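Reader: I have just opened my first protein structure and would like some help finding my way around. Could we go through it together, one question at a time?

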Amino acid sequence: MNNEQLTVNNVELTHFNEQGRAKMVDVSGKAKTARAAVAWGTVALSAETFALVRDGKMEKGDVLAVAQVAGILGAKRTAELIPMCHPVGLTAVDISFALDENTHSIGVKATAKCVGETGVEMEALTAVSVAALTVYDMCKSAQRDIVIGEIKLISKSGGKSGDWKREE
């Protein structure tokens, strides 16, 4: 494969080798810097299921406490789940929840931090995903049509590309 096929819009595709096959990017020459990322997702519930979660009455236990721990574990295992992610030495992971009484939804926010050669966007996104899936698992006996949605990166900081924040 020639180099023209490894470039799109004058940007080198760093995740492909000379044969056009996927590779893990070499970050050994990058400086270690403080990096952080924040991700968000939502879990939409029925009014009845939402009340069970809010009031701590779900039969499997404290949904948000279990989802919080699951999200942290998810962040820590990202490199095992996403093939081209580097193992990252996380320095912090925080999961928080926003309960919306009007929409009967739970907002899941994950913040991941490290000091390293590569960012933690995937760790934050994985944390949100795993926490949201755990809410589903903990609530599925009460409701099967739960909707997990809007998983997205909110912001990132550090590294060569600098800071980025979603405009909404």
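**A walk through the model**

Author: Happily! Keep in mind that this is a predicted model. Let's start with the pocket: the lining of the largest pocket has 8 nonpolar, 7 polar and 6 charged residues.

Reader: Which residues lie nearest the centre of the largest pocket?

Author: Rolling a probe the size of a water molecule over the atoms shows where empty space is left. Here the largest pocket has a volume of about 480 Å³. Its lining is made up of 21 residues, and those nearest the centre are His 15, Lys 30, Thr 118, Gly 119 and Glu 121.

Reader: Which helix gives the most to the lining of that largest pocket?

Author: Look along residues 121-139, which form a helix that supplies 3 lining residues. No other element gives more to the largest pocket, and the name you want is helix 4.

Reader: Now the core, please. Which element supplies the largest share of the largest nonpolar core?

Author: In soluble globular proteins, nonpolar side chains tend to be buried together. The largest nonpolar core in this model has 29 residues, and Val 43, Val 53, Val 63 and Ile 106 touch the most other members. Strand 3 (33-44), helix 1, helix 2, strand 5 (105-116) and helix 4 each give at least two residues. The largest share, 9 residues, comes from helix 4.

Reader: Which residues does Ile 106 touch, leaving out those up to four places away in sequence?

Author: Ile 106 is one of the core members that touch the most others. Leaving out residues up to four places away in sequence, its contacts are Gly 41, Thr 42, Val 43, Leu 45, Phe 50, Val 53, Leu 64, Phe 97, Ala 98, Leu 99 and Val 135.

Reader: Let's turn to charges. How many residues apart are Asp 137 and Lys 60?

Author: The structure holds 6 salt bridges, and one of them joins the side chains of Asp 137 and Lys 60 at 3.7 Å, N to O. Asp 137 sits in helix 4, while Lys 60 is in the loop between helix 1 (47-54) and helix 2 (63-76), so this pair links distant parts of the chain, 77 residues apart.

Reader: Is Lys 60 buried, partly exposed or exposed?

Author: Buried means under 20% relative accessible area, and exposed means over 50%. Lys 60 has a relative accessible area of 41%, so it is partly exposed.

Reader: Which residue meets Asp 137 in a salt bridge of 2.9 Å, N to O?

Author: Asp 137 has a relative accessibility of 33%, so it counts as partly exposed. Its partner at 2.9 Å, N to O, is Lys 140.

Reader: And how far apart are the closest N and O atoms of Arg 77 and Glu 80?

Author: Arg 77 is partly exposed at 45% relative accessibility, whereas Glu 80 is exposed at 56%. The two form a salt bridge, and their closest N and O atoms are apart by 2.7 Å.

Reader: One last thing: what is the phi of His 104?

Author: Most residues other than glycine have a negative phi. His 104 lies in the loop between strand 4 (90-100) and strand 5. It is not a glycine, yet its phi is positive, about 55°.

Reader: Where is Glu 150, which also has a positive phi?

Author: Glu 150 has a phi of about 50° although it is not a glycine. At 53% relative accessibility, Glu 150 counts as exposed. Its place is in strand 6.

Conventions: Residues are numbered from 1 along each chain as its sequence is written. This is a predicted model: local features need pLDDT of at least 70, side-chain atom pairs count only at pLDDT 80 or more; totals for chains, interfaces and linings use all residues. Side-chain values use heavy atoms; hydrogens and water are left out. On a 1 Å grid over the protein atoms alone, a cavity is a set of points where a 1.4 Å probe fits but cannot get out, and a pocket is an open set with protein on both sides within 12 Å along at least five of seven lines; lining residues have an atom within 4 Å of a point. Grid points are joined across faces, edges and corners, and a volume is the space filled by probe spheres set on the points. Helices (H or I, at least four residues) and strands (E, at least two) are DSSP runs, numbered from the N terminus. Ala, Val, Leu, Ile, Met, Phe, Trp, Tyr, Cys and Pro count as nonpolar, Asp, Glu, Lys and Arg as charged, and the others, Gly among them, as polar. A salt bridge is a side-chain nitrogen of Lys or Arg within 4 Å of a carboxyl oxygen of Asp or Glu. Buried means under 20% relative accessible area, exposed over 50%, partly exposed in between (1.4 Å probe, protein chains only). A nonpolar core is a set of buried Ala, Val, Leu, Ile, Met, Phe, Trp, Tyr and Cys residues joined through side-chain atoms within 4.5 Å. Contact means heavy atoms within 4.5 Å.
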